[in-house]
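Please load the model in your viewer, with side chains available as sticks and a distance tool at hand. The stops below can be followed in order, each one beginning with a selection.

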Amino acid sequence: SDDANNPEKLLDPLLDSLTDDKSENDENPAESKSIAESWESDSDDDHFAYAPSGAAVFGASLDLLLPVFFNFHLFTLATNFGNSGNVSPRLFPFFFFNVIIFRSIFPRDKRRRFWGVMKYTIMAPFHKVGFRDEVVGDVLTSMIRPTQDLVFAFFYYITCIRIVFTSKKMSEAITILEQSWTLHNLILPIFAMCPLWWKFLQTLRLWYDTKRRYPHMLNAFKYLSAALIISYGMAHPENRRSRWWIFALILATIYQILCDVIIDWELFVIIPSASHEIPKSEGCVISSMSRSTCWSVYRIIVRPILNLFWFLQQYCGIPSGYTIGLRAARQFRNDKYYLGIFWFNVVFRFCWMLSFIPAYYLSPNGEIQRTFSSELNSYIGIFIAIAEIGRRGLWAILKVELESIKLTDPNYGTDGVNDAKGMTCHRNCWKSCCFRTKLETRYESVPTSSMLHAGNHNSSLPATP
């Protein structure tokens, strides 16, 4: 049809930011042809317009979950009553993996679109990176534990096929894989580090396209530092890691938390302190405590925290009339929702880096070297994977919320609510806090009270389509 040649009529308004890739390929037909030749062709219009609904994703997850439970039920029965039958329990994972392979290929139209999304994420340096490619890349970095299980299952599948045509027993498949130096020391680490490498290339491509070092170079350093720390943790067991590695792990985690809050979410901004006044209390607010106990709690716990905030305020150059608070542009009414996600991300952010480190690896002489103690790995291994997937889901909610605000509110970052002159700029103020000289120059013209009144924080957002 005539609309097929006009991508703007085919795309949803929320995906307008992704059409730049299409226009660039139109201007460079040679580059577009070279990319298309290396993969199975599917139109860029279908790639950008592919946005399954929540109901479709939920239905697909149920379709895959029911066979998993059924196979696990049969595996449990064969394990408990294996002596009374001739079916080996090890055959059920082998049969079920055939279903997974079939579902990853058919139906071909839907699976081609899915693998097209993965293609654009993996080939980050060769085309412009869109918002969806960024989110998919971040999600892949949180799926390391399930991905390693799938890789191990794939090699188990290949090993079982080889055993079927030989005189070996199925029980030998696990022994072969457990003693495979290539699998544990080469293949699994490579699959674990690939998502970090893809995200690192995405940030470099974004820096190349936008010609702005902030925030893309900060993100690039986040993934590079994480890759170096994780590589050291992979190659050294728990009893051989020095205190410097633990110190570097803590610093990298703190840096990642700051990147989440300041760059990915733009959650906290500099605002006038008058809008966040704390009501005064005439006495002790905890009636069950005596006055001396309340004073001890205040002196030991509350006062050091207040001193820390005061020190950070003075060090960052925030003037006395301003403080740090949530950004004005928000789509959720309850502030506790944002604070809850923030603290959940702070508490479980370390799970992201620990999920990259495998349970064990093989030494050159074939001995198993556990990266964590067996007791710790038994209890915390599954917890790390679940906590990281949950944390990434909450991270994605605020990430997508911010992007929808930018697309639906043309005044975001430019009006009085988010203007740097009103001391409420989300990006420029935090960037200037890293460079005190620039911030002092900016504060030479402090806004008047009329300017602050004009930039109040009660402006309403346009309805999200």
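Begin by selecting Asp 138 and Lys 199, which form a salt bridge whose closest N and O atoms are 3.4 Å apart. This pair links distant parts of the chain, since Asp 138 belongs to helix 8 (residues 131-141) and Lys 199 to helix 11 (residues 181-210), 61 residues apart. Please keep in mind throughout that this is a predicted model. Asp 138 has a relative accessibility of 6% and therefore counts as buried, and Lys 199, at 4%, counts as buried too. A search of the whole structure finds eleven salt bridges, and several of them are visited on this tour.

Stay in helix 11 and select Arg 205 and Asp 209, which lie four residues apart, about one turn of the helix. Their salt bridge has its closest N and O atoms 2.9 Å apart. Are the two partners buried or partly exposed? Arg 205 is buried, with a relative accessible area of 10%, whereas Asp 209 counts as partly exposed at 28%.

Next, follow the chain into the loop between helix 11 and helix 12, where Lys 211 is found. Phi of Lys 211 is near 60°, a positive value in a residue that is not glycine, and at 61% relative accessibility Lys 211 counts as exposed. Pro 215 is also placed in the loop between helix 11 and helix 12, and the peptide bond that joins Tyr 214 to Pro 215 is cis, with omega about 5°.

For another cis peptide bond, select Phe 106 and Pro 107, where omega is near -5°. Pro 107 sits in the loop between helix 6 (91-103) and helix 7 (108-122).

While in this part of the sequence, select His 73, found in helix 5 (residues 54-80). His 73 counts as partly exposed, with 43% relative accessibility. A distance drawn between the C-alpha atoms of His 73 and Phe 92 should read 9.9 Å, for two residues that are 19 residues apart along the chain.

Now select Asp 264 and Lys 222, whose side chains meet in a salt bridge of 3.9 Å, N to O. Asp 264 lies in helix 13 and Lys 222 in helix 12 (residues 216-235), so the pair ties together parts that are 42 residues apart in sequence. Asp 264 is buried, with a relative accessible area of 6%, and Lys 222 is likewise buried, with 2%.

Salt bridges that share partners also join Asp 260, Arg 349, Glu 388 and Arg 391 into one network, so these four make a convenient selection. Within that group, the side chains of Arg 349 and Asp 260 are joined by a polar contact of 2.6 Å. Arg 349 lies in the loop between helix 15 and helix 16 (350-354) and counts as buried at 1% relative accessibility.

From Arg 349, step back to helix 15 (residues 335-348), whose 14 residues should span 20 Å at 1.5 Å a residue, and whose end C-alpha atoms are indeed 20 Å apart. Which residues of helix 15 are buried? They are Tyr 338, Ile 341, Phe 342, Asn 345 and Phe 348. These residues cover an arc of only 155° around the axis, which puts them on the same side of helix 15. On the other side of helix 15, Lys 336 and Trp 343 are exposed. At the start of helix 15, select Asn 334, a side-chain oxygen of which reaches to within 3.0 Å of the backbone nitrogen of Lys 336.

Return to helix 13 (residues 243-264) and select Trp 244, which is placed in it. Trp 244 is exposed, with a relative accessible area of 68%. Extending the selection to Ile 246, Phe 247, Ile 250, Leu 251, Ile 254 and Leu 258 shows a nonpolar surface patch of about 750 Å², which these residues make together with Trp 244.

The last stop is Glu 266, found in the loop between helix 13 and strand 1 (268-272). Glu 266 has a positive phi of about 50° although it is not a glycine, and at 3% relative accessibility Glu 266 counts as buried.

How values were computed: Residues numbered from 1 in each chain as written. Predicted model: local features only at pLDDT ≥ 70, side-chain atom pairs only at ≥ 80, totals over all residues. Heavy atoms only, no water. Patch = residues over 30% accessible without salt bridge, like charges linked within 9 Å, V, L, I, M, F, W, Y side chains within 5 Å. Areas by Shrake-Rupley, 256 points an atom, 1.4 Å probe, with all protein chains shown as cover. Helix = DSSP H or I, 4+ residues; strand = E, 2+ residues; numbered from the N terminus. Buried < 20%, exposed > 50% of the residue type's maximum accessible area, 1.4 Å probe, protein only. Expected span 1.5 Å × (residues − 1). Arc of directions from axis to C-beta. Polar contact = N/O pair within 3.5 Å; in protein donor to acceptor, adjacent residues only side chain to side chain.
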